Amino acid sequence: MNVLFYVSGAIAVIAGLMVITQANAMRALINLIVLLLAIASVFYTLGAPFVAVLQIVIYAGAIMVLFIFTIMMLNLSEAAERRERGWLASVMWSLPLVLAAILLAQFTYTLASTGAPSTAEIGPQAVGASLFRDYAIGVELASLLLLAALVGAFHYGWVASRLERGDE
Amino acid sequence: MNSVNVNYAIILAAVLFATGLVGVMVRRNLVFILMSLEIMLSAAAVALVAVASKWHQPDGQVVVIFILVTAAAEVAVGLSLVLRIYHEWKSVDVDEVSTMEG
């Protein structure tokens, strides 16, 4: 567990540094996905398997897709990219691949080693019970927040598409 | 048995948060600023999971779930704003849109 934590933490820090030093948005995004996967691994070693899975499904799965679509729609100009590249040193493309491979090796190692489940683990059952009993009002507020975000994002997108068509 | 030292997890969270903070302050591209915000939110989540495992209470993980919800809402609104700004200014540089007014 300890070694897994240190390796995942190191990967997370390296990937984080790569995110903020990349000139190309897509490469930074791939490093960000590696960072989120490494953080999910850190969650697992800290005894939070449920949050680790949520991190992968929601963050690396859903939120990153939003980023990818936005970057594709923006289609950032070459000039802006060249300027950003001038400010920051360019870095290798293969690094996220290596980091992700290390994470995959960790994952297979964890699956292969069928040790006794750690007693320090807080499973989904305890989290769910706490979430829907003690924090039920928080769940309601979260659903309200998501609805507001949905309406807000839809409104901005709608106005943008209307402006593009030219009818004010 | 959980052998990970919680102090190291907190240090990791601090390093990640500092990374995200530097990213927000240094980068001028709105998409990169949003990505750095994601790093900072994840760092906060790491700290919460660490203390949840130290006191062996599920509350920390519950708050992490709320952080996930907040991040999803923030990214949805933030990225649609980025698209809107790009339509108006043909740029997502925060210095160029600093003259934004009504």
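Visitor: What is the phi of the residue that follows helix 2 of chain B?

Guide: In this predicted model, helix 2 of chain B is followed by His56(B), and the phi of His56(B) is positive, near 55°. Helix 3 of chain B has a comparable note at its end: Lys90(B), just after that helix, takes a positive phi of about 55°.

Visitor: How do you know that the span of helix 2 of chain B is close to the one expected?

Guide: Helix 2 covers residues 30–55 of chain B, which is 26 residues. The expected span is 1.5 Å times one less than the number of residues. For this helix that comes to 38 Å, and the first and last C-alpha atoms are 38 Å apart, so the value is close to the expected one.

Visitor: And what span should helix 3 of chain B have?

Guide: Helix 3 of chain B, residues 59–89, has 31 residues and should span 45 Å. Its end C-alpha atoms lie 44 Å apart, which agrees.

Visitor: What makes helix 2 of chain B mostly covered?

Guide: A residue counts as buried if 20 or more other C-beta atoms lie within 10 Å of its own. In helix 2 of chain B, 20 of the 26 residues are buried, so the helix is described as mostly covered.

Visitor: Why is helix 1 of chain B called roughly antiparallel to helix 2 of chain B?

Guide: Helix 1 (residues 6–26) packs against helix 2 of chain B at an angle of about 165°, and the two axes are 8 Å apart. Angles over 145 degrees count as roughly antiparallel, and therefore this pair earns the name. The crossing of helix 1 past helix 2 of chain B is left-handed. By class, their contact has 20 nonpolar, six polar and one charged residues.

Visitor: How many residues does each chain give to the contact between chain A and chain B?

Guide: Chain B gives 52 residues and chain A gives 56. On the side of chain B, helix 1, helix 2 and helix 3 are the elements that give two or more residues. Helix 3 of chain B supplies the largest share, 23 residues. That side of chain B has 35 nonpolar, 13 polar and four charged residues.

Visitor: Which secondary structure does chain A have?

Guide: Chain A has seven helices and zero strands. Of the 168 residues in chain A, 33% are buried.

Visitor: What share of the contacts in chain A with a separation of 6 or more comes from residues 24 or more positions apart?

Guide: Such residues account for 71% of those contacts in chain A.

Note on methods. Residues are numbered from 1 along each chain as its sequence is written. Chains are lettered from A and ligands numbered from 1 in the order in which they are written. This is a predicted model: local features need pLDDT of at least 70, side-chain atom pairs count only at pLDDT 80 or more; totals for chains, interfaces and linings use all residues. Helices (H or I, at least four residues) and strands (E, at least two) are DSSP runs, numbered from the N terminus. A residue is buried if 20 or more other C-beta atoms lie within 10 Å of its own, exposed if 12 or fewer, and partly exposed in between; C-beta atoms are placed from the backbone. Axes are lines fitted to C-alpha atoms, for helices over the stretch in contact, and angles run from 0 to 180 degrees between N-to-C directions. Angles under 35 degrees count as roughly parallel, over 145 as roughly antiparallel, 65 to 115 as roughly perpendicular and the rest as oblique. A crossing is left-handed if the near helix is turned anticlockwise from the far one by less than a right angle, and right-handed if clockwise. Ala, Val, Leu, Ile, Met, Phe, Trp, Tyr, Cys and Pro count as nonpolar, Asp, Glu, Lys and Arg as charged, and the others, Gly among them, as polar. Two residues are in contact if their C-beta atoms, placed from the backbone, lie within 7 Å.
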